[in-house]
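Me: I am a first-year student and would like to go through a structure step by step, with each term explained as it comes up.

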Amino acid sequence: MLLNVKREHDEAKWKEAMQAELDSLNRGNVFGAITLTPGVMKPLGYGWIFVRKRNEKDEIVRYKAMLVAQGFFQRPRIDYEETYSPVMDATTFRYLISLAVSDSL
């Protein structure tokens, strides 16, 4: 059985979410100076990811927009030499904090 559900008009909410993401990136000084790229290099593209965050009653509680780089176009030794992304799970973080606290006693 198909239900005819009227969707709310949420264009303004998506624009607010996009602006919030750009403001957050600006506060973190993510964007640097604009520079020209050499002929052998091409700038990376970007895309937007849109997610509706819902609560346990399946009601929309937040609109989230994320600006992402299209890194799959990069070529080793041309566009980058090495990559590093520091990621730590919560268990490791708690262990390191507890270790630091126990060493300082």
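Me: In what order do the elements of the chain run from the N terminus on?
Reply: This is a predicted model, in which local features need pLDDT of at least 70 and side-chain atom pairs count only at pLDDT 80 or more, while totals for chains, interfaces and linings use all residues. Residues are numbered from 1 along each chain as its sequence is written, and side-chain values use heavy atoms, with hydrogens and water left out. Helices (H or I, at least four residues) and strands (E, at least two) are DSSP runs numbered from the N terminus, and the chain has two helices and two strands. From the N terminus on, their order is α-β-β-α.

Me: How much of the chain counts as buried?
Reply: A residue is buried at under 20% relative accessible area, exposed at over 50% and partly exposed in between, with a 1.4 Å probe and protein chains only. Of the 105 residues of the chain, the share that counts as buried is 8%.

Me: Is Phe-93 buried, partly exposed or exposed?
Reply: Phe-93 lies in helix H2, which covers residues 90–104. Because its relative accessible area is 48%, Phe-93 is partly exposed.

Me: Which strand gives the most to the lining of the largest pocket?
Reply: A pocket is an open set of points on a 1 Å grid over the protein atoms alone, with protein on both sides within 12 Å along at least five of seven lines, and a lining residue has an atom within 4 Å of a point. With three residues, the strand that gives the most to this lining is E2 (residues 60–69).
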